[in-house]
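Please read this briefing alongside the sequence and the coordinates. The points below are grouped by topic.

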Amino acid sequence: QKMNGYRALAPLAALAVLLTVLFASAPVASSNASFNDAETLNFTAWDTVLKRYVVQGEKEGVTINVVNYSAMALDPLFKEFGIYLSAVNTSGFTKEQHYAFYMNAYNYLAVKTIIDNPCMTDMFYPGCGPLQSIRQIGQQQPSIITTTVWGLTAGKVAGESVSLDDIENLKLRRPPNGWTEDSRLHACIVCASISCPDLRIGAFTVANLSMEMDEQFSRWLANPNKGLSLQNGVLTVSPIFNWFSGDFTNKSVGNFSSSTVMSWLITYSPPSVSAYLTAHPDTQLNYMIYNWNLNGDVGSLCPSTGRLCFPWWGLLIVCIIV
C-alpha cells in the first residue's frame, strides 16, 4: 500500500519540481520602476494638456505662446499629471531622463502656481482682482521674512515638497551624479510671464530631448521682443543672459563648446544675425526690459470682486497721514 501511495504521489512531485524550476528562472518583479530606457517615463497627460490649452498668440504686442489657465485647471489630466509627478522614483535616472523630468515638472508647477493663486490678495483677503503677474504671489501680506514666489512650496515632485527655486537651482543648474549643467535649460523652463521663453506646446521627451532643447533656444532668440534683437548694429538680448551669465560661460553641450555668451548667440540666433555677430564678435550686449505680466489669463478662476486692491503697507501710509 505504501508503494502504491508513493506511485500516486510521483506525478505531483514531478509537477512541483517543474514549477520550482520555472519560478526560479523567472525574473522577479520590482516594486520600483526601473529607469533604463526612454519609455519608462510617461509625460502623455502633460503633453495632451499643453497641446489643448497653449496656443501661439500675442499679448501686449509680443508674440508668445498664450496659456489658457482657466481651461487647463478644469482638465482632469492636469491633476492626473501632478499626482504622477509626486510618485515617480528618480533613482537610476540618466541625465536625459533627469532633465526631461524636472523641466516638465518645473513648467507644470509654474502653471499650477498661477492656477492655485489666480487672484491678487491684499489685507482684506481674499482676492481683489485677477492676478496680473506671478511675482504678485506671496507679496501682498505683511511678513517679517519676505518670501518670493520662487521660494514658496509649489508642490510635490518625486516624493518631496519643492519650490520652483529648488527645481531650478538644485536639480537643473546643479544636477546630481557629477553631471555638468545643460544651460539650454534657461530656454526651456518658463516663469509664466510674457518675457519668459515660450511654454512649449508639448512635453519634453527623453528620446528627443537634445533636439527639443535646441528648438527652444533657437525659437527664443528668433523672437525680437523677448530673445534677441539686432537693429542697425545695436544688439539687445533677454536679461536672462545677464542674470545667469555664468551659466553661459565655459560650458559644453554635445559638440558645442562655449566660452562666452556671444558664442551662444552666434550658435542659436537666426542665420543673418549669426553671420553679423560672427563678423562682429565684440558687439556690445544691451538688455531688454523684462515684462513680468502673465503669459495668459486666469479668466473665470478669479471672478471680479468690484473693489480696488489695498496692500497692507497702504494701512501704514493712512496711519501716518492721520
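In this predicted model, Asp214 has a relative accessibility of 26% and therefore counts as partly exposed, since that value is not under the 20% that marks a buried residue. Asp214 belongs to a network of salt bridges in which Asp182, Arg184 and Asp214 are linked, and the structure as a whole holds 10 salt bridges. The points that follow take up this network, a salt bridge within one helix, the largest pocket, the buried residues of helix 9 and the surroundings of two buried residues.

**The network around Arg184**

- Arg184 pairs with Asp214 in a salt bridge whose closest N and O atoms are 3.0 Å apart; the pair links distant parts of the chain, with Arg184 in the loop between helix 6 and helix 7 (209-222), Asp214 in helix 7, and their positions 30 residues apart in sequence.
- Arg184 also forms a salt bridge with Asp182, and here the closest N and O atoms lie 2.8 Å apart.
- Arg184 and Asp182 are both buried, the relative accessible area of Arg184 being 5%, whereas Asp214 is partly exposed.
- As general background, side chains of opposite charge can pair when their charged atoms come close.

**A salt bridge within helix 5**

- The side chains of Asp116 and Lys112 meet in a salt bridge, with a distance of 2.7 Å from N to O.
- Both Asp116 and Lys112 lie in helix 5 (residues 95-116), where they are four residues apart, or about one turn of the helix.
- An α-helix has 3.6 residues a turn, so residues three or four places apart point the same way.
- Asp116 counts as partly exposed at 45% relative accessibility, and Lys112 is also partly exposed, with a relative accessible area of 22%.

**The largest pocket**

- The largest pocket contains about 290 Å³ of space, and of the 16 residues that line this pocket, the closest to its centre are Tyr106, Glu168, Cys191, Phe244 and Trp292.
- The lining of the largest pocket divides into 12 nonpolar residues, two polar residues and two charged residues.
- Helix 6 (164-172) and helix 8 (240-243) each supply at least two residues of this lining, and the largest share, three residues, comes from helix 6.

**The buried face of helix 9**

- In helix 9 (residues 261-268), the buried residues are Val261, Met262, Trp264, Leu265 and Tyr268.
- When helix 9 is viewed down its axis, these buried residues fall within an arc of 160°, so they line one face of the helix.

**Surroundings of Ser238**

- Ser238 lies in the loop between strand 6 (234-237) and helix 8, and with a relative accessible area of 0% this residue is buried.
- Leaving aside residues up to four places away in sequence, Ser238 touches Trp220, Lys226, Gly227, Tyr287, Met288 and Tyr290.

**Surroundings of Val67**

- Val67 is found in strand 2 (residues 62-68) and counts as buried at 2% relative accessibility.
- If residues up to four places away in sequence are not counted, Val67 touches Tyr53, Val54, Met72, Leu199, Asn295, Gly296 and Asp297.
- From C-alpha to C-alpha, Val67 and Gly57 are 9.4 Å apart in space, and they are 10 residues apart in sequence.

Terms used:
Residues numbered from 1 in each chain as written. Predicted model: local features only at pLDDT ≥ 70, side-chain atom pairs only at ≥ 80, totals over all residues. Heavy atoms only, no water. 1 Å grid on protein atoms, 1.4 Å probe; cavity = no way out; pocket = protein on both sides within 12 Å on 5 of 7 lines; lining within 4 Å. Points joined across faces, edges and corners; volume = space filled by probe spheres on them. Nonpolar A, V, L, I, M, F, W, Y, C, P; charged D, E, K, R; others polar. Buried < 20%, exposed > 50% of the residue type's maximum accessible area, 1.4 Å probe, protein only. Arc of directions from axis to C-beta. Salt bridge = Lys/Arg side-chain N within 4 Å of Asp/Glu carboxyl O. Contact = heavy atoms within 4.5 Å.
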